[in-house]
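Visitor: Could you take me through this model, from the overall fold down to single residues?

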Amino acid sequence: MKKIVNERYKESYVEETLSNGLHVVLWQKPDYQKSLFMMATPLGALDIEQVDSKGNNYRFPAGIAHFLEHKMFETKEGDIMEEFSKMGANVNAFTSYTETVYYFTCASDVEKPLNLLLDFVQELNISEASVEKEKGIIIQELNMYKQMSDSRLLNETYASLFSKHPLRYDIGGDDKSVSSTTVEDLRNCYHLNYHPQRMVLVGVCSDDPKRIMEIIRKNQEGKHFEPIEAVKRKEFIEPKNTNREIYTFSMDIQTPKVSLSYKLDGIEDVKKRIYAEWCIRMMIDSVFSSLNPEYQDWIDQGIINDFVGGDIDFGKDYGVLMFYGETEKRKEFYSLIESVVERISKGVIQEDVLQQLKRRYFGQTIRSLNSFDDIAITFVRNYFDQTDFFVSLDILDKICLEDIKECCKFIVKEHKSIVEIMPEKSQ
């Protein structure tokens with residue numbers, strides 16, 4: 001068990017990779033009663049095609065990671081949520097584009113719920129009948145999200161930008177992919193991605209890490225896992241052009257909701273990716289927020305309202321710069337965003353504004369060290385990205401005007417897409 005101490009941020013944790021490959025991280029917070037344990041695999045919605053170390057390809061239906069998340073809560077003993085509840089713990093899970101996460105929280109002794117978390121995540125119990133039944137439940141869930149305009153706007157934005165990349169799919173897939181998922185698909189995907197050597201367990205609690213680590217070791221020593229080949233996400237060759245330049249549809253809303261997004265190249269190096277996201281996000285805030293005196297004028301003119309924003313997201317093989325809003329003045333909004341992006345791409349920011357934004361982001365991130373959820377999920381994502389937990393803060397601290405200008409060169413304005421949700425009967 002190795003102790004990692006960060007003197008600058010006055011934080012420490014212990015970590016150990018068990019003999020079966022499971023990486024365990026324990027973060028002690030002595031003054032807190034709450035405990036949180038999070039077990040994760042780097043299987044997300046993007047992993048519809050994987051390649052192992054021998055070059056074997058595995059193709060799965062879109063949404064399989066989400067499907068597996070649903071099925072993991074089905075055990076021979078019955079309802080997992082009820083079992084955790086009896087122990088005074090709350091359990092939940094989520095699937096993102098890059099990982100699937102199972103976690104519980106409690107304010108009592110963690111031994112029983114921790115053992116239960118390890119046990120139910122490390123055993124898949126499914127049958128033909130249960131899988132068929134689950135398909136209807138998942139399709140119903142997907143249809144529910146399709147009725148939510150905000151969710152639909154994001155999904156259709158990705159579908160407009162990408163024609164090959166898995167980002168074009170909803171995290172849960174679609175009716176066709178869910179219906180085509182088989183028991184064999186789920187078992188094969190589970191076998192490849194839920195092996196201990198693929199997973200990480202992060203705990204944040206007040207208990208002695210030595211005691212917690214011993215509970216975990218004892219649990220794992222009683223189990224046998226067959227060796228597996230290492231797998232990774234298959235790389236996709238995505239065209240430069242967007243899939244759809246403009247896509248318009250209607251929903252039961254009062255005011256049009258729109259997005260104007262730009263398709264960017266991915267950034268392979270994780271530190272360069274973090275640099276670029278910090279720098280471009282600061283440029284977005286300096287131009288497209290109340291920090292800019294013009295912002296109130298845009299509100300007064302009715303071009304934007306409270307439902308408005310912009311964000312940047314880079315992966316190894318994709319980049320998205322997205323702006324969204326709710327407005328009756330769509331043409332004016334698009335013209336505004338294009339002028340905003342032109343200014344952002346130049347990377348010109350005042351030194352005092354840069355320092356103000358750095359202090360804001362730094363403070364927000366430091367405060368997150370008091371959030372068990374933020375600590376756990378940040379560690380999970382950094383671990384899968386093979387980077388240090390505190391690297392993002394260190395990068396933020398070093399950013400200067402030259403970095404901003406250099407990173408904004410990643411913005412390419414040629415490949416853009418518009419998505420419009422119009423009130424029904426208005427088209």
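The questions below go from the whole chain to its cores and then to single residues of this predicted model.

Visitor: How many helices and strands are in the protein chain?
Guide: The model is predicted, and the count is for the protein chain in it. That chain has 15 helices and 17 strands.

Visitor: What radius of gyration does the protein chain have, and why is it called as compact as a globular protein of that length?
Guide: For 427 residues the globule rule gives 22 Å, and the chain comes close to that value, so it is as compact as a globular protein of that length. Along the principal axes, its C-alpha trace spans about 65 × 55 × 45 Å. The radius of gyration is 23 Å.

Visitor: What share of the contacts with a separation of 6 or more is between residues 24 or more positions apart?
Guide: Buried residues make up 52% of the 427 residues. Among contacts in the protein chain with a separation of 6 or more, the share from residues 24 or more positions apart is 81%.

Visitor: How far apart do the centres of the positive and negative side chains lie?
Guide: The accessible surface of the protein chain is about 20,400 Å², with 47% of it belonging to carbon and sulfur atoms. There are 54 positive and 71 negative side chains. The centres of these two sets are separated by 2 Å.

Visitor: Which helix gives the most residues to the largest nonpolar core?
Guide: That core has 51 residues, and Leu117 and Phe120 touch the most other members. The helix that gives the most, with 6 residues, spans 111-121 and is α3.

Visitor: Which residues is Phe120 in contact with, leaving aside neighbours within four places in sequence?
Guide: Phe120 is one of the two residues that touch the most other members of the largest nonpolar core. In soluble globular proteins, nonpolar side chains tend to be buried together. With those sequence neighbours left aside, the contacts of Phe120 are Met72, Phe73, Thr75, Ile80, Phe84, Val91 and Tyr102.

Visitor: How many residues are in the other core, the one with Trp278 and Tyr334?
Guide: This core lies apart from the largest one. Val258 and Ile404 are also among its members. Its residues number 45.

Visitor: Is Leu369 buried or exposed?
Guide: Leu369 is in the loop between α12 (351-367) and α13 (372-384). Not counting residues up to four places away in sequence, it touches Glu11, Trp27, Lys29, Ile375, Phe389 and Phe390. Its relative accessibility is 5%, and the limit for burial is under 20%, so Leu369 counts as buried.

Visitor: How far apart in space are Leu369 and Ile404?
Guide: In sequence these two residues are 35 residues apart. From C-alpha to C-alpha, the distance between Leu369 and Ile404 is 26 Å.

Visitor: What is the relative accessible area of His165?
Guide: His165 is in the loop between α5 (149-161) and α6 (175-180). Beyond its neighbours within four places in sequence, it is in contact with Leu46, Glu238, Asp317 and Tyr318. His165 is buried, with a relative accessible area of 1%.

Visitor: What is the phi of Lys10?
Guide: Most residues other than glycine have a negative phi. Lys10 is in the loop between β1 (2-6) and β2 (11-17), and counts as exposed at 67% relative accessibility. Its phi is positive, near 55°.

Visitor: Is Gln386 buried or exposed?
Guide: Gln386 is in the loop between α13 and α14 (391-398). Although not a glycine, Gln386 has a positive phi of about 60°. At 75% relative accessibility, Gln386 counts as exposed.

Notes:
Residues numbered from 1 in each chain as written. Predicted model: local features only at pLDDT ≥ 70, side-chain atom pairs only at ≥ 80, totals over all residues. Heavy atoms only, no water. Helix = DSSP H or I, 4+ residues; strand = E, 2+ residues; numbered from the N terminus. Buried < 20%, exposed > 50% of the residue type's maximum accessible area, 1.4 Å probe, protein only. Contact = heavy atoms within 4.5 Å. Rg over C-alpha atoms; globule rule 2.2 N^0.38 Å. Areas by Shrake-Rupley, 256 points an atom, 1.4 Å probe, with all protein chains shown as cover. Lys, Arg positive; Asp, Glu negative; His and termini not counted. Charge placed at Lys NZ, Arg CZ, Asp CG, Glu CD. Core = buried A, V, L, I, M, F, W, Y, C linked by side-chain atoms within 4.5 Å.
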